[in-house]
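Visitor: I have a structure open in front of me. Could you show me how to read its features, one at a time?

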Amino acid sequence: MKTIVMLAVLALSVADLGAQAGGGMPKTLKVMSYNIRIASPPAKGWGYTDLKGIADVINRQAPDLVALQEVDAYTERSGKNSHQALELARLTGMHAHFVKAVDRSGGDYGVAILSRFPIRSAESYRLPVSPGSDGEIRGCGLVVVKALGMKIGFMTAHLDHMKNEDRLLQVLRVNEILEKKKKMPVIFGADLNMQRNHEVIRTLEKEVAFLCSDCAPTFPADQPQRTLDYVMLNPAALKKMRVRRYDVVAEHHASDHLPLVVELERKK
């Protein structure tokens, strides 16, 4: 009996290896960048939280990796028992990494990453503002996963919305992080709070390539007029991947930003 069981396990292992070698590995990678407005739908006001609504948006698109911005953890405004990143991970069946940027409403506020793949390593950063500024320190996170048959870095960030001076400081810090990861393919999803032709974007382009030129607007969700949200690739990722799809999703209820979905495939 033991021999039969061992042979069965061996056969399954060999079949699994054969599937990987024979094309069983997914050929595409779908990523999303989404500012979720602490899961507070604009039509309902700040006192109402609908995490399930955000999870439904994510589940309908079925991304492999999600860069989230404006995420609460244990705040009074979103619920002292609610860690939004962990709850979204549960509702979507994904792994989560949360990055605190600042104290907010008796808890933590920042950015997060959801991953359908096990997270091999995770890093958290705070993006500075100039001394005396009334701008806001923001969060940046990076995880390493294995996808498309290789190790990939996936990064999220949310830049300040008030001053160019602060956004430039934050971009310079982002560039430092990207420079350290330049040998690894990195996909970067972010709410940059800047339109595509903004002068500070040129500094960011020293480390990443934007995947759109005439980029579709992502804000405000009910009547989109400005492009604030992007998915970008570093040079190492550009060498390994090509874009199959770059879409802004028409989801007007769950947040004041529209989600951005990009499908990538590995170059042969």
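Guide: We will go through cysteines, a strand, a buried polar cluster and some charged pairs. Keep in mind that this is a predicted model.

Visitor: Let's start with the cysteines. How many disulfides are there?

Guide: The general idea comes first. A disulfide is a covalent bond between the sulfur atoms of two cysteines. Here the count comes to one disulfide. C212 and C215 form it, with their sulfur atoms 1.9 Å apart.

Visitor: Why is the disulfide of C212 and C215 called right-handed?

Guide: Look at the torsion about the S-S bond. For C212 and C215 it is about 95 degrees, so the disulfide is right-handed.

Visitor: Are C212 and C215 buried or exposed?

Guide: C212 is buried, and C215 is buried too. Now compare C140, which is in no disulfide. The nearest cysteine sulfur to C140 belongs to C212, and that is 19 Å away. C140 has 0% relative accessibility, so it counts as buried.

Visitor: Next, strands. What should I look for?

Guide: Look at the two faces. In a regular strand the side chains alternate between the two faces of the sheet. Take strand 11, residues 229–233. On one side are D229, V231 and L233, and on the other Y230 and M232. Both sides are covered, and these residues are all buried.

Visitor: Why is strand 11 described as largely enclosed?

Guide: Count the buried residues. Five of the five in strand 11 are buried, so the strand is largely enclosed by the rest of the structure.

Visitor: Which strands pair with strand 11?

Guide: Strand 9, residues 186–191, runs antiparallel to strand 11, and five bridges join them. Strand 10, residues 209–210, also pairs with strand 11 in the antiparallel sense, over two bridges. Now put L233 at the centre of your view. I187 stands opposite L233. A209 has L233 as its bridge partner as well.

Visitor: Now a polar residue. Is N35 buried or exposed?

Guide: N35 sits in strand 1, residues 28–35. Its relative accessible area is 0%, so N35 is buried.

Visitor: What does the side chain of N35 meet there?

Guide: Go through its polar contacts. One of 2.8 Å joins the side chains of N35 and D191. Another, of 3.5 Å, joins the side chains of N35 and H257. The side chain of E70 also makes a polar contact with that of N35, at 3.1 Å.

Visitor: Which residues far off in sequence does N35 touch?

Guide: Leave out those up to four places away. N35 then touches Q69, E70, H158, D191, D229, S255, D256 and H257. D229 takes you back to strand 11. For a sense of the fold, take N35 and A190. They are 155 residues apart in sequence, but 8.3 Å apart in space, C-alpha to C-alpha.

Visitor: E70 carries a charge. Which side chain of opposite charge is nearest to E70?

Guide: The general idea again. Side chains of opposite charge can pair when their charged atoms come close. For E70 the nearest candidate is R138, 5.7 Å away. A salt bridge needs a distance within 4 Å. E70 is buried yet has no salt bridge.

Visitor: Where is E70, and what is around it?

Guide: E70 lies in strand 2, residues 65–75. Beyond its sequence neighbours, its contacts include N35, R37, Q84, Y109 and H158.

Visitor: How many salt bridges are there in the model?

Guide: The count comes to 16 salt bridges. Start with D256 and R37, whose side chains meet at 3.7 Å, N to O. The pair links distant parts of the chain, 219 residues apart. D256 is in the loop between strand 12 and strand 13, and R37 in the loop between strand 1 and helix 2. Both residues are buried.

Visitor: Which pair should I set against that one?

Guide: Try K163 and D134, a salt bridge of 3.6 Å, N to O. This pair also links distant parts of the chain, 29 residues apart. K163 is partly exposed, with a relative accessible area of 35%. D134 counts as exposed, at 51% relative accessibility.

Visitor: Which residues do shared salt-bridge partners join into one network?

Guide: K100, D103 and D108 are joined that way. Within the network, the side chains of D103 and K100 meet at 2.5 Å, N to O. D103 counts as exposed, at 58% relative accessibility. K100 is partly exposed, at 35%.

Notes
Residues numbered from 1 in each chain as written. Predicted model: local features only at pLDDT ≥ 70, side-chain atom pairs only at ≥ 80, totals over all residues. Heavy atoms only, no water. Helix = DSSP H or I, 4+ residues; strand = E, 2+ residues; numbered from the N terminus. Buried < 20%, exposed > 50% of the residue type's maximum accessible area, 1.4 Å probe, protein only. Lys, Arg positive; Asp, Glu negative; His and termini not counted. Polar contact = N/O pair within 3.5 Å; in protein donor to acceptor, adjacent residues only side chain to side chain. Contact = heavy atoms within 4.5 Å. Disulfide = S-S within 2.5 Å. Pairing = 2+ DSSP bridges.
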